[in-house]
Amino acid sequence: MSQASPIAIERPRTQSKARLLLIPARIILGAVFIYAAYAKLHFNGAWHLRDYYFFFAMGIDSYKMLPLAIVEWMAKILPWLELGLGTLLIVGAGVRWVGLMVTALLAVFMAALAHAALGGLEINCGCFGNNSVKPSHELIVDGVLITLALAVTLGGFLSRRGGNSQA
Amino acid sequence: MKRLNVKFVFFALVGLVLPALLSAGPRQSAAASKPAPVQDMTALKSMGSREAPITIEVFSDYQCPQCRVFYLDTARQLMQSYIPAGKVYYVHRDFPLSMHSHSREAARWATAAAMAGAFQTTEETLYSKQDQWGATGKIEDVLAAALSPTDMKKVRTIEATQGTQIDAAIAKDMALGESRGVNGTPSIYVLHKGQMTPLPPGGVNYSLLKQYIDYLLQQH
């Protein structure tokens with residue numbers, strides 16, 4: 001008759017607590033991404049499903065970082081990518097890889113914001129459509145978001161590792 | 001009886017005329033103290049046909065570098081293509097920012113030029129020579145080199161004599177901008193089928209604006 005050691009019982013308990021803590025982080029991050037997509041598709045009191053990309057492309061272009069072809073391509077797909085990633089985060093599907101993609105995306109956003117802030121560009125960041133603020137302010141918001149994204153990603157990988165080692 | 005009649009006529013006249021004089025008095029003084037109505041400069045600072053399906057309204061500051069870029073790279077191309085074709089009505093609105101030392105003065109000269117019928121050349125000169133007058137503040141000299149002597153004489157006269165009107169017109173543009181939440185320049189609005197849409201702040205690339213205009217024109 002074998003008895004589980006106290007250490008072996010303690011590890012799953014800590015892991016489950018960490019997993020519980022990551023749920024609100026995941027939901028907050030997912031909600032922010034869904035809101036970011038919504039703000040790009042719905043503004044001035046109406047849905048802009050057919051013409052949203054003109055406005056978003058103008059916003060991305062104001063950073064003066066990318067060629068126009070890439071700007072247009074990004075403007076077309078980014079709101080839908082944000083919507084997809086936000087939904088997956090809330091649902092909790094593929095948390096590790098979704099978390100990794102969100103972290104990478106936020107890192108790219110932060111690099112663009114830093115470029116705009118350092119260059120003294122008087123633009124709206126465009127992150128939340130017309131409700132956006134100056135790039136320097138948005139950097140702080142993105143700093144918090146990337147911390148959450150990192151926590152979600154690491155949590156996802158660690159819980160997977162823990163699950164595998166137990167198996 | 002005759003004296004009674006005279007008295008009656010006198011009091012009747014006093015009774016009728018005095019209230020009329022008293023009531024007319026304040027009205028006249030109110031009219032005299034009322035400031036002259038602000039002349040609507042919209043048409044004078046606009047380009048194209050008012051009947052155009054799209055109106056582009058730009059709140060701009062002549063000393064703002066991004067406004068210069070927008071004018072030289074985007075607005076000028078609009079002026080060559082969509083405006084003569086009657087597809088776009090382009091409206092300039094003054095929004096001089098306090099951070100720029102000469103922008104209000106530049107707006108005054110541009111408004112005087114609009115009243116003199118020389119707005120387009122003045123606007124072109126103010127943006128293309130922004131570095132020059134922005135550094136020295138010598139707006140009048142820069143304009144004198146660009147406008148014809150006759151036009152410059154008219155502009156100088158209007159600038160010197162109609163200061164109140166000019167300031168009121170600029171204030172009217174600024175009040176309109178503030179009512180829409182404008183806090184930076186250039187702030188661009190597109191009006192199409194009664195729908196006013198603000199474009200992202202900081203100027204717009206011509207190619208992207210062209211795509212958007214073409215998209216709106218296809219809606220007709």
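**Exercise 1. The core**

How many residues does the largest nonpolar core have, and which of them have the most contacts inside it? Work it out on this predicted model.

*Solution.* Start with the count: the largest nonpolar core holds 57 residues. Next, pick out the best-connected members, which are Ala57(A), Trp109(B), Ala110(B), Ala112(B), Ala113(B) and Val155(B). Now ask who contributes: H3(B) gives the most to this core, 9 residues. There is also a second, separate core of 21 residues, with Leu22(A), Val98(A), Leu148(A) and Ala149(A) among its members.

Then zoom in on Ala57(A). Skip its neighbours within four places in sequence, and its contacts are Val71(A), Glu72(A), Ala75(A) and, from the other chain, Leu208(B).

**Exercise 2. Across the chains**

Take the contact between chain A and chain B, then find how H2(A) lies against H9(B).

*Solution.* Count residues to begin with: 15 of chain B are in contact with 15 of chain A. On the chain B side, helix H9 (residues 206-218) supplies the largest share, 5 residues. Sort that side of chain B by class and you get 7 nonpolar, 8 polar and no charged residues.

Now the geometry. The axes of helix H2 (residues 52-61) of chain A and H9(B) come within 10 Å and cross at roughly 170°. An angle over 145 degrees counts as roughly antiparallel, so H2(A) is roughly antiparallel to H9(B).

Who meets whom? From H2(A) come Phe54(A), Ala57(A), Met58(A) and Asp61(A), and from H9(B) come Leu208(B), Gln211(B), Tyr212(B) and Tyr215(B). For this helix pair, the split is 6 nonpolar, 1 polar and 1 charged.

**Exercise 3. The sheet of chain B**

Lay out the strand order of the sheet in chain B, and say which strands sit at its edges.

*Solution.* First, the inventory: chain B has 9 helices and 5 strands. Along the sequence they read α-β-β-α-β-α-α-α-α-α-α-β-β-α. In space, the 5 strands form an open sheet in the order E1-E3-E2-E4-E5, with mixed pairing. The edges are strand E1 (46-47) and E5 of chain B, since each pairs on one side only.

Next, look at two of the pairings. Strand E2 (residues 54-60) of chain B runs parallel to E3(B), with 7 bridges between them; here Val58(B) stands opposite His92(B). Against the sheet packs H2(B), which touches E1, E2 and E3 of chain B, and its direction makes about 155° with that of E3(B).

The other pairing is antiparallel: strand E4 (residues 187-192) and strand E5 (residues 195-198) of chain B share 4 bridges. Tyr189(B) faces Pro198(B) in E5(B). These two strands make a hairpin with 2 residues between them, where Lys193(B) takes a positive phi near 50°.

**Exercise 4. A helix and its cover**

Find which residues of H4(B) are buried, and what covers them.

*Solution.* For scale, buried residues make up 36% of the 220 residues in chain B. In helix H4 (residues 119-128) of chain B, the buried ones are Phe119(B), Thr122(B), Glu123(B), Thr125(B), Leu126(B) and Tyr127(B). The cover over them includes helix H2 (65-80), strand E3 (88-94), helix H3 (103-116), helix H5 (130-136) and helix H6 (139-146), which belong to chain B.

Last step, sequence range: take the contacts in chain B between residues at least 6 apart, and 79% of them join residues at least 24 apart.

Methods:
Residues numbered from 1 in each chain as written. Chains lettered and ligands numbered in written order. Predicted model: local features only at pLDDT ≥ 70, side-chain atom pairs only at ≥ 80, totals over all residues. Contact = placed C-beta atoms within 7 Å. Nonpolar A, V, L, I, M, F, W, Y, C, P; charged D, E, K, R; others polar. Buried ≥ 20, exposed ≤ 12 C-beta atoms within 10 Å, placed from the backbone. Pairing = 2+ DSSP bridges. Core = buried A, V, L, I, M, F, W, Y, C linked by C-beta atoms within 7 Å. Axes fitted to C-alpha atoms, helices over the stretch in contact; angles between N-to-C directions. Parallel < 35°, antiparallel > 145°, perpendicular 65-115°, else oblique.
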